[in-house]
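Here's a walk through one model, from its outer surface to its inner packing. Have the structure open on screen and follow along.

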Amino acid sequence: MDAKTIANGILRAVAILAGVVLLALFLYKIQSVLAYLAIAAVIALLGRPIVLFLRRRLKFPNTLAVVTTMVFMLAIFLGILSLFIPLISEQSKNLSLLDIDELKSNLNTLYLQGLEYFGASTGSVNNLIEDAHIEESMLKGLDLGFIPNFLNSLVNALSSFSVGLFSVLFISFFFLKDSNLFQNGILTFVPDNKESNLIKSIDKINGLLSRYFAGILLQLFILFVIYMIALLIVGVENAIVIAFLCALFNIIPYVGPIIGGVIMITLTMTSSLGEDFSTVILPKALYVLIGLAIGQLVDNFFSQPFIFSTSVKSHPLEIFLVIIIAGLLFGVVGMVVAVPGYTAIKVILKEFLAENPFVKKLTKNL
């Protein structure tokens, strides 16, 4: 190997590395566009069964079926939005979601009432905390900012999302109207001898993820109904908003239900301040806790196994490991996109490496 060959190899490696860096920088700069494409792809996957139903069963023309589907999905979105935003903006003070000082004060009041109910004193608790080398105040340093930050971000995003919403709807329309549009775009980067494998992969992924996202919506709806019933039974104000918010947290696997449960219990207890702790506040919290437990039991033993087995064709333990690994590598976003991404990878591996023994075992249910 002469010096010229080595130099060419080094130059080629540097060129490849520079190309990768430039591509990553380009993708970073257009991340908003990529987000629009991803959201539009999800909407197209959700709307695809409706379009097919309208075309095949009701004999709608393709364009009319797509327009009807888009109007239907937009009406559902606007209905949820019209329900959610006014209640948050008008009754945020009652919910104590946007006033952290009030929320901390309410939690401190609950803390003192709890001590009185269990016959303990603040002095004994403080001594216990000092002995354990824990900060003196239970609420000192407690960061509750994620609650208003989440809601403020949500409201601000919804209020300033007109351009993004138009972009998503525009892209979704053409994804639904021409189901091969996205596929043809990818095929331009694939060699001719691999096109048939990629087409099969995309069709399979579309079918699996359509069922998966439909299953996720069903999962959130079931939890929303259970939470709402539990909150209405105990007479919590703004039960619909709280139930919707806590069900929405379930999108984040494993961690989300815990966050949603803590928020629901906290809002239930703070909404009853001024009433007797032992006869009103504590029983309400216990009833809501029972509702949470029922919702999670239904979700863990019915909704999730149903979604994973019938949509993405993966074992729950397999999904658990994938979500944990994705969470460790990419955080919360990784946990959310772990299942769709893993499903797409499995389908592609089966099409391109079908003879590999490991791939055969991994994709035997697909």
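Which helix gives the most to the nonpolar patch? That's helix α14, residues 316–352, with eight residues in the patch. Keep in mind as you look around that this is a predicted model.

**The greasy surface**

The patch is made up of Tyr254, Val255, Leu317, Phe320, Leu321, Ile324, Ile325, Leu328, Leu329 and Phe330. Together these residues have about 1,000 Å² of accessible area on the surface. Val255 belongs to helix α12. With a relative accessibility of 38%, Val255 is classed as partly exposed, since buried would need a value under 20% and exposed one over 50%.

**What the record says**

UniProt, in an unreviewed entry, places the feature "transmembrane region" at residues 9–28, 34–54, 66–88, 154–176, 212–234, 240–265, 286–307 and 319–342. Take two of those spans and check them against the model. Residues 9–28 are 100% helix and 0% strand, with the end C-alpha atoms 29 Å apart. Residues 286–307 also come out as 100% helix and 0% strand, and here the end C-alpha atoms lie 30 Å apart.

**Helices α10, α11 and α12**

Start with α10, which has 40 residues and reaches 58 Å from its first C-alpha to its last, close to the 58 Å expected at 1.5 Å a residue. Right after α10 comes Gly235, with a positive phi near 80°.

Is α11 largely enclosed by the rest of the structure, or largely open? Seven of its ten residues are buried, so α11 is largely enclosed. The buried ones in α11 are Ala239, Val241, Ile242, Ala243, Leu245, Cys246 and Ala247.

Helix α12 (residues 255–270) tells a similar story: twelve of its 16 residues are buried, so the rest of the structure largely encloses this helix too. Among the buried residues of α12 are Gly256, Pro257, Gly260, Gly261, Ile263 and Met264. Its length checks out as well: 16 residues at 1.5 Å each should span 22 Å, and the end C-alpha atoms are 23 Å apart, which agrees.

**The nonpolar cores**

Which residues touch the most other members of the largest nonpolar core? Among its 24 residues, those are Tyr227, Leu231, Ile242 and Met264. The elements giving two or more residues to this core are α10 (195–234), α11 (239–248), α12 and α13 (277–310). Apart from it lies another core, of 21 residues, including Leu208, Phe213, Val339 and Ala344. Two names from the earlier helix lists come back here: Ile242, buried in α11, and Met264, buried in α12.

**One salt bridge**

How many salt bridges does a search of the whole structure find? It finds one. The partners are Lys346 and Glu318, whose side chains meet at 3.4 Å, N to O. Side chains of opposite charge can pair when their charged atoms come close. Lys346 has a relative accessibility of 2%, so the residue counts as buried.

**Pairs that are distant in sequence**

Some residues that sit well apart along the chain can be paired up by their C-alpha distance. Here are three such pairs.

| Pair | Separation in sequence | C-alpha to C-alpha distance |
|---|---|---|
| Ala44 and Phe175 | 131 residues | 6.1 Å |
| Leu169 and Tyr36 | 133 residues | 9.1 Å |
| Asn365 and Val312 | 53 residues | 9.3 Å |

Where do the residues named at the left of each pair sit? Ala44 is in helix α2 and, at 11% relative accessibility, counts as buried. Leu169 is found in helix α8, residues 162–177, and its relative accessibility of 25% makes Leu169 partly exposed. Asn365 falls in the segment after α15 (357–362) and is exposed, with a relative accessible area of 53%.

**A loop residue to look at**

Last stop: Lys59, in the loop between α2 (31–56) and α3 (62–90). Its phi is near 60°, a positive value in a residue other than glycine. Is Lys59 buried or exposed? At 65% relative accessibility, Lys59 counts as exposed, whereas Lys346, the salt-bridge lysine, counts as buried at 2%.

How values were computed
Residues are numbered from 1 along each chain as its sequence is written. This is a predicted model: local features need pLDDT of at least 70, side-chain atom pairs count only at pLDDT 80 or more; totals for chains, interfaces and linings use all residues. Side-chain values use heavy atoms; hydrogens and water are left out. UniProt positions are given in the numbering used here, feature names are shortened, and annotations may be inferred rather than shown by experiment. Helices (H or I, at least four residues) and strands (E, at least two) are DSSP runs, numbered from the N terminus. The expected span of a helix is 1.5 Å times one less than its number of residues. Buried means under 20% relative accessible area, exposed over 50%, partly exposed in between (1.4 Å probe, protein chains only). A nonpolar core is a set of buried Ala, Val, Leu, Ile, Met, Phe, Trp, Tyr and Cys residues joined through side-chain atoms within 4.5 Å. Patches are made of residues with over 30% relative accessible area and no salt bridge: like charges are joined within 9 Å, nonpolar side chains (Val, Leu, Ile, Met, Phe, Trp, Tyr) within 5 Å. Accessible areas come from the Shrake-Rupley method with a 1.4 Å probe; for residues, only the protein chains shown count as cover. A salt bridge is a side-chain nitrogen of Lys or Arg within 4 Å of a carboxyl oxygen of Asp or Glu.
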